[in-house]
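Morning, everyone. Let me put the structure up, and then we will walk through it.

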Amino acid sequence: MTDNANPSGMTQAPSTIGTSAGYMPGFGNDFETEALPGALPQGQNSPQVCPYNLYAEQLSGTAFTAPRGENERTWCYRIQPSVKHTGRFKKLDVPYWKSAPHIIEDVLSLGQYRWSPVEHGQENLTFLTGMRTMTTAGDVNTQVGMAAHIYLITASMVDEYFYSADSELLIVPQEGRLRFCTEMGVIDLDPQEIAIIPRGMVFRVEVLEGPARGFVCENYGQVFTLPNRGPIGANCLANPRDFKTPVAAFEDRQADSRVVIKWCGQFHETFIDHSPLDVVAWHGNYAPFKYDLKTFSPVGAILFDHPDPSIFTVLTAPSGVEGTANIDFVLFRDRWNVAENTFRPPWYHKNIMSELMGNIYGIYDAKPEGFIPGGMSLHNMMLPHGPDRNAFEGASTTELKPQYLANTMSFMFETRFPQHLTEFAANEAPLQDDYIDCWSDLEKKFDGTIGNT
Ligand SMILES: [Fe+2]
């Protein structure tokens with residue numbers, strides 16, 4: 001483990017006023033940062049000769065002609081251009097990382113499912129080999145939909161780098177601490193934080209404290225952004241200043257290295273003789289970031305009724321149909337319940353959207369038992385779900401005093417596309433066969449003779 005001042009031997013820009021150590025605050029800002037003084041050209045992007053004889057290179061996350069408010073690109077000033085960071089490609093087998101469409105004939109995706117946490121094995125696993133796809137949705141080739149993964153990581157990537165041309169990666173750690181050394185800088189990630197690694201960004205993952213387990217939402221579509229707040233106004237939910245983008249950091253290192261690329265659902269490897277993390281300075285708005293989920297300011301019912309869970313959306317990835325997300329990332333954190341004359345947990349419902357949940361820690365109020373930290377559940381398109389019997393009975397009879405929901409943090413990846421189980425999710429992960437029984441002892445309470453009491 002290395003310290004924050006010199007993460008992984010990378011040369012890092014000094015912290016500046018208004019930044020936490022190694023990070024710049026803000027969501028989607030047009031950042032600029034340099035790890036060596038004067039490395040960033042001013043007033044233009046592409047001078048005839050760049051400072052320090054660096055190469056100028058643009059990384060485009062959106063089409064050149066995307067509307068200005070949605071246009072994302074970053075100018076990098078690097079020791080060698082990216083064409084030097086790949087060679088000829090060879091297909092690589094990464095057997096547990098699947099991409100949509102991935103529909104297995106013998107696997108039943110129709111059903112309400114819940115999994116206990118996948119336990120760590122004896123094998124040393126990296127970010128690449130430790131990824132286990134649970135569900136896929138949409139189509140990676142047409143850039144719609146997503147995949148949900150869990151990761152089990154015990155080993156750092158050494159002289160190995162990765163980028164996904166298919167997706168941006170939303171990482172939700174549940175245990176262990178990871179370091180993401182990216183082209184744009186270094187992100188240290190703890191449980192109760194999330195990180196976004198943009199499509200096409202090269203990185204390696206080191207284990208700061210293991211073993212590490214967590215969840216990944218692989219977004220094939222448009223990038224995650226902050227939801228519009230509508231009448232909520234200018235504040236609350238996820239506030240832009242709480243998003244942290246790393247300052248520039250680079251390494252000038254010769255070493256035989258492997259670069260792995262995920263492209264159209266397939267993995268490829270290529271070999272180079274140096275580190276590709278050689279961006280000395282950059283400016284732009286296409287960059288990785290992290291966010292502390294404990295800074296999410298929940299808004300909810302303060303008199304009666306239970307609002308839709310979308311009220312807790314942290315980030316949303318649009319689908320092109322207004323209000324119908326390719327993915328919503330939704331957070332259920334500790335908060336006050338104060339609604340009067342109200343059944344306070346989530347109501348029973350069926351939904352055109354498909355809901356995959358994960359428990360980061362604690363107890364989820366609609367499922368006090370069985371939904372374990374590290375575990376997941378899936379309520380697929382138009383499948384009914386809701387509180388189990390104990391949650392229903394408790395919430396129907398409890399005295400409705402203000403109640404603090406403590407010791408709880410769960411999330412949801414919600415997509416407009418149905419989610420299909422992988423063979424791993426159906427046959428290898430610890431599926432709780434009795435999950436569906438959590439509703440079996442709900443009683444018929446109807447009595448047509450008692451009237452409206
Ligand atoms: Fe739901």
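Start with Cys236. It is partly exposed, at 28% relative accessibility. Keep in mind that this is a predicted model. Now take Cys76. That one counts as buried, with a relative accessibility of 2%.

How many disulfides does a search of the whole structure find? Zero. A disulfide is a covalent bond between the sulfur atoms of two cysteines. Why no bond for Cys76? The closest cysteine sulfur to its own belongs to Cys50, and that is 11 Å away, which is too far for a bond. The cut-off here is 2.5 Å between the sulfurs.

On to the metal. Which residues hold the iron ion? The protein donors are His349 through NE2, Glu355 through two OE entries, and His385 through NE2. They lie 2.0 to 2.5 Å from the iron. The spacing of the donor residues in sequence reads H-x5-E-x29-H. His349 sits in the loop between strand E22 (327-337) and strand E23 (354-362). His385 sits in the loop between strand E24 (376-379) and H1. So the two histidines tie together parts that are 36 residues apart in sequence. His385 is buried, at 7% relative accessibility.

What about the geometry around the iron ion? The four donor atoms subtend angles of 57 to 156°, so the arrangement is irregular. For tetrahedral, all angles would have to lie between 85 and 135 degrees. One caution for anyone setting up this site: water is not among the atoms, so the site may look incomplete.

Next, charge pairs. Side chains of opposite charge can pair when their charged atoms come close. The structure holds 22 salt bridges. I will show three of them.

First up, Glu160 with Arg258. Their closest N and O atoms are 2.5 Å apart. This pair links distant parts of the chain. Glu160 is in strand E10, residues 160-164, and Arg258 is in strand E17, residues 254-263. That puts the partners 98 residues apart. Buried or exposed, which is Glu160? Buried, with a relative accessible area of 11%. Arg258 is partly exposed, at 22%.

Then Arg389 with Glu443. Their side chains meet in a salt bridge at 2.7 Å, N to O. Again, distant parts of the chain are linked, with the two positions 54 residues apart. Arg389 belongs to helix H1 (residues 389-397), while Glu443 lies in the segment after helix H2 (423-428). Both ends are partly exposed: Arg389 has a relative accessible area of 22%, and Glu443 comes in at 45%.

The last pair is Glu251 with Arg253. Here the closest N and O atoms are 3.7 Å apart. The cut-off is 4 Å, so the pair counts. Glu251 is buried, at 3% relative accessibility. Arg253 is partly exposed, at 31%. The two also belong to a salt-bridge network, together with Asp159, Arg204 and Glu206.

Finally, confidence. The chain averages a pLDDT of 94, and 96% of the residues score at least 70. Where does it drop below 50? Residues 1-5 are one such stretch, and beyond near neighbours in sequence it has 10 contacts in the model. Residues 16-20 also stay under 50, with five contacts beyond four places in sequence. Where pLDDT is low, the predicted coordinates should not be read in detail.

That is the tour. Over to you.

How values were computed
Residues are numbered from 1 along each chain as its sequence is written. This is a predicted model: local features need pLDDT of at least 70, side-chain atom pairs count only at pLDDT 80 or more; totals for chains, interfaces and linings use all residues. Side-chain values use heavy atoms; hydrogens and water are left out. Helices (H or I, at least four residues) and strands (E, at least two) are DSSP runs, numbered from the N terminus. Buried means under 20% relative accessible area, exposed over 50%, partly exposed in between (1.4 Å probe, protein chains only). Donors are N, O and S atoms within 2.8 Å of the metal (3.2 Å for Na, K and Ca); water is not among the atoms, so sites may look incomplete. Four donors count as tetrahedral if all angles lie between 85 and 135 degrees; four count as square planar and six as octahedral if opposite donors are over 155 degrees apart and all others between 65 and 115; anything else is irregular. pLDDT is the predictor's confidence in each residue, from 0 to 100. Contact means heavy atoms within 4.5 Å.
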